[in-house]
Amino acid sequence: MAEAKRLICASQELPERGLGVRFSVETDRGPTPAFVVRYRGKVQAYLNRCAHVRVELDSQPGEFFDFSGLYLVCSTHGAAYVPESGYCIGGPCKGLRLTKLAVEECDGGVYLLNNEETIHV
Ligand code: FES
């Protein structure tokens, strides 16, 4: 049985609105890319899959924020997402959301929660 909680990275690897950390989660489609970023001090994690077309958001590994540092952005067609909710506020998939993953930060680490549950994509 898989662990309920899995270490993704050390807290210090996630600077505020800086490069995110890419990782992989098990879904009903097999291993699927995901990422975690820090925004307003909190960690936020999502499947690395645009709500528009099933492509990864970052063309350069870890570059998920736009130039303003206020939104997560898809490098393919420019969809902009609110970092806390994954809600798309602009672009071809406006009104849709990224798939959010449960994470927590404690003891200097960032952990994926509910790791034993199958994520449906
Ligand atoms: S694939 Fe992301 S905006 Fe089109």
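Q: How many bridges join S2 to S3?
A: Keep in mind that this is a predicted model. In it, S2 and S3 run antiparallel. One pair to look at is Ser 24 with its bridge partner in S3, Pro 33. The bridges that join S2 to S3 come to seven.

Q: Which strands are the edge strands of the open sheet of four strands?
A: Let's walk along the sheet: the order is S2-S3-S4-S8, with antiparallel pairing. An edge strand here pairs on one side only. That picks out S2 and strand S8 (100–101).

Q: Which residues have the most contacts inside the largest nonpolar core?
A: This core has 16 residues. Strands S1 (5–10), S2 (21–27), S3 (30–39), S4 (42–47) and S10 (109–113) each give two or more residues to it. Val 36, for one, touches Ile 8, Phe 23 and Val 43, among others. The residues with the most contacts inside the core are Ile 8, Phe 23, Val 25, Val 36 and Leu 101.

Q: How many residues are in the other core, the one with Tyr 39 and Phe 65?
A: This core lies apart from the largest one. Tyr 81 and Leu 98 are also among its members. Its count is 15 residues.

Q: Why do Cys 88 and Cys 93 not count as a disulfide, and what is the total of disulfides?
A: Both cysteines are buried, Cys 88 with a relative accessible area of 0% and Cys 93 with 3%. The sulfur of Cys 93 is the closest cysteine sulfur to that of Cys 88, at 3.8 Å. A disulfide needs the sulfur atoms within 2.5 Å, so this pair is too far apart for a bond. The count of disulfides is zero.

Terms used:
Residues numbered from 1 in each chain as written. Predicted model: local features only at pLDDT ≥ 70, side-chain atom pairs only at ≥ 80, totals over all residues. Heavy atoms only, no water. Core = buried A, V, L, I, M, F, W, Y, C linked by side-chain atoms within 4.5 Å. Buried < 20%, exposed > 50% of the residue type's maximum accessible area, 1.4 Å probe, protein only. Contact = heavy atoms within 4.5 Å. Pairing = 2+ DSSP bridges. Lists of a residue's contacts leave out its neighbours within four places in sequence.
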